[in-house]
Amino acid sequence: MRPITPFLWTLFGAGGTIAALLFPVHLVLSGLAFPLGALEAPSYDFLYGLVRHPVTRLYLLVVITLPLFHWAHRFRYTLYDVLQLKHLYRLIAVLCYSAALLGSAVAAYTVWHIP
Amino acid sequence: MPPSVTLAVTRYRPEQESEPSLQTYEVPFRKDWVVLDALNYIKDNLDGSLSFRWSCRMGVCGSCGMMVNGSPKLTCAAFLSDDLPGPIRVEPLQYFPIIRDLVVDMGDFMHKLKKVKPWIIRKEEKPLAEGEYLQTPDQLEMYKQFSMCINCMLCYAACPIYGLEPGFIGPAAIALAQRYNLDSRDEAARERLEILSEHDGMWQCTFVGECTKVCPKSVDPAGAIQQLKLVGAVDWFKFLLPWGTK
Amino acid sequence: MSPGTQYTPYHPKWYRHRVSVWWWLQNRSYVYFVLRELTSVFVGLWALLLLWQLRALVQGPEAYAHFLAQMRRPFFVALNGVGLLFILFHTITWFNLAPKAMVVRVGGKRVPDWTIAGLNYIAWVLLSVAVAAVLLRG
């Protein structure tokens with residue numbers, strides 16, 4: 001079986017790029033400015049209408065799943081190197097990617113079933 | 001300018017002790033002296049039993065690499081004046097087994113260099129009668145930076161991944177592989193990529209980047225590794241192509 | 001070396017230091033590296049918060065209002081504030097390191113690193129403005 005590492009690294013790279021480009025603006029707006037009232041938050045109806053659009057659904061799916069795999073790959077190596085948990089090599093790998101898969105599955109399900 | 005400076009140097013004599021310790025020496029300070037000059041002063045005048053490697057004393061042979069105040073440096077290029085007021089700690093290169101005093105074992109490093117097949121490999125050798133391989137300056141430019149490595153091992157001393165996982169093939173070996181992969185005369189890039197994709201190969205690297213920082217020849221091994229990761233990643237997806245891999 | 005000799009990779013008298021679990025505190029570069037790697041935790045957390053926001057949105061106005069109320073709580077304000085710092089750190093280190101992997105050659109000459117990084121920054125600004133424009137329209 002050919003090693004899967006290059007594929008996982010690609011996910012890490014794609015997720016990192018998505019996060020780098022898009023997370024700052026989303027965090028500033030949805031995480032701080034809108035809840036704290038610094039900027040006028042979009043209305044529920046507007047957001048809901050936006051989210052129903054297939055392009056938005058795809059966007060949200062990408063923007064949630066790829067960064068999760070970025071975290072999984074990077075965190076896995078952080079545990080190996082910083083905490084020196086190399087003896088738990090397989091377990092850590094399985095836990096990290098499973099967590100990312102779980103998050104991605106929930107995201108995919110949610111995006112698919114928007115009434 | 002002080003008249004003298006203190007050096008704290010690692011001593012390890014396996015025949016009489018089980019652990020290394022630091023021994024201090026008072027060495028005259030000269031503003032043009034480097035750590036290697038101080039070590040040679042110690043050996044010539046204070047303590048002839050001190051063991052260390054050096055050769056060209058001008059930064060091209062790669063023999064005199066040691067830790068100076070915790071940083072991997074060529075001692076022939078590390079000025080005493082940079083680390084005043086002292087004491088200046090001189091220790092053997094990090095992450096390598098210590099044979100004696102400041103001398104470390106290089107066997108693992110040499111083994112790893114050989115592993116990447118650092119020579120021109122052709123599918124079919126050109127017969128002598130056809131003459132030499134021609135290479136344009138632009139083709140030379142593609143790999144020249146990676147060919148400047150003097151095998152000083154500072155990058156391995158800087159790489160925490162090598163420290164944590166001694167099986168890791170390491171920065172210099174990977175940069176050397178890239179030097180040949182990018183050489184227009186070579187035809188074995190795929191072979192080297194496979195070697196580097198093994199378990200302790202280039203994918204262990206997490207781009208700490210310290211190797212590039214300490215390299216005295218600006219080889220940029222970290223850059224070579226990331227370039228190869230991208231090549232490896234693109235290559236991995238080639239099975240999706242209907243016409244297969246090259 | 002004569003053909004009969006073999007290199008022995010281990011010798012009992014060679015001294016090997018154990019790498020301390022605090023190796024990364026040894027110098028500034030290593031600390032910087034670990035902080036950079038820890039940004040992935042906040043990237044993962046924000047991805048989950050986006051998922052939470054999406055699910056709340058899909059479940060109805062009350063669920064969404066509840067989400068917003070949660071984001072106003074000091075815990076989440078602090079988390080998002082710290083998260084923003086780490087995610088900005090991720091963005092900056094990511095764009096500055098991207099040229100190392102992406103070597104682009106135009107007409108035989110390598111495009112300088114600052115150009116590749118600069119293009120990434122420009123894309124970041126353009127995309128951020130686009131997203132903000134969409135969200136602020138409602």
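**Notebook: two contacts in a predicted model**

I began with chain B, where the centres of domain 1 and domain 2, taken over C-alpha atoms, are separated by 30 Å. I keep in mind throughout that this is a predicted model.

To see where these domains begin and end, I looked up the domain assignment of chain B, which gives residues 4–104 to domain 1 and residues 107–240 to domain 2. I then asked how many residues each domain brings to the contact, and found 13 from domain 1 of chain B and twelve from domain 2 of chain B.

Next I looked at the side of domain 1 of chain B that touches domain 2 of chain B, and noted that the elements giving two or more residues to this side are the strands β3 (65–68) and β4 (71–74) of chain B. Which element gives the most here? It is β4(B), with three residues. When I sorted this side of domain 1 of chain B by residue type, I counted eight nonpolar residues, five polar ones and no charged ones.

I turned afterwards to chains A and C, where 42 residues of chain A are in contact with 45 residues of chain C. On the side of chain A that touches chain C, I found four helices that each supply at least two residues, namely α1 (5–33), α2 (44–52), α3 (54–81) and α4 (89–112) of chain A. The element that gives the most to this side is α1(A), with 15 residues. My last entry concerns residue types on the side of chain A that touches chain C, which divide into 31 nonpolar, ten polar and one charged.

Definitions and conventions:
Residues numbered from 1 in each chain as written. Chains lettered and ligands numbered in written order. Predicted model: local features only at pLDDT ≥ 70, side-chain atom pairs only at ≥ 80, totals over all residues. Contact = placed C-beta atoms within 7 Å. Nonpolar A, V, L, I, M, F, W, Y, C, P; charged D, E, K, R; others polar. Domains from an automatic or database assignment.
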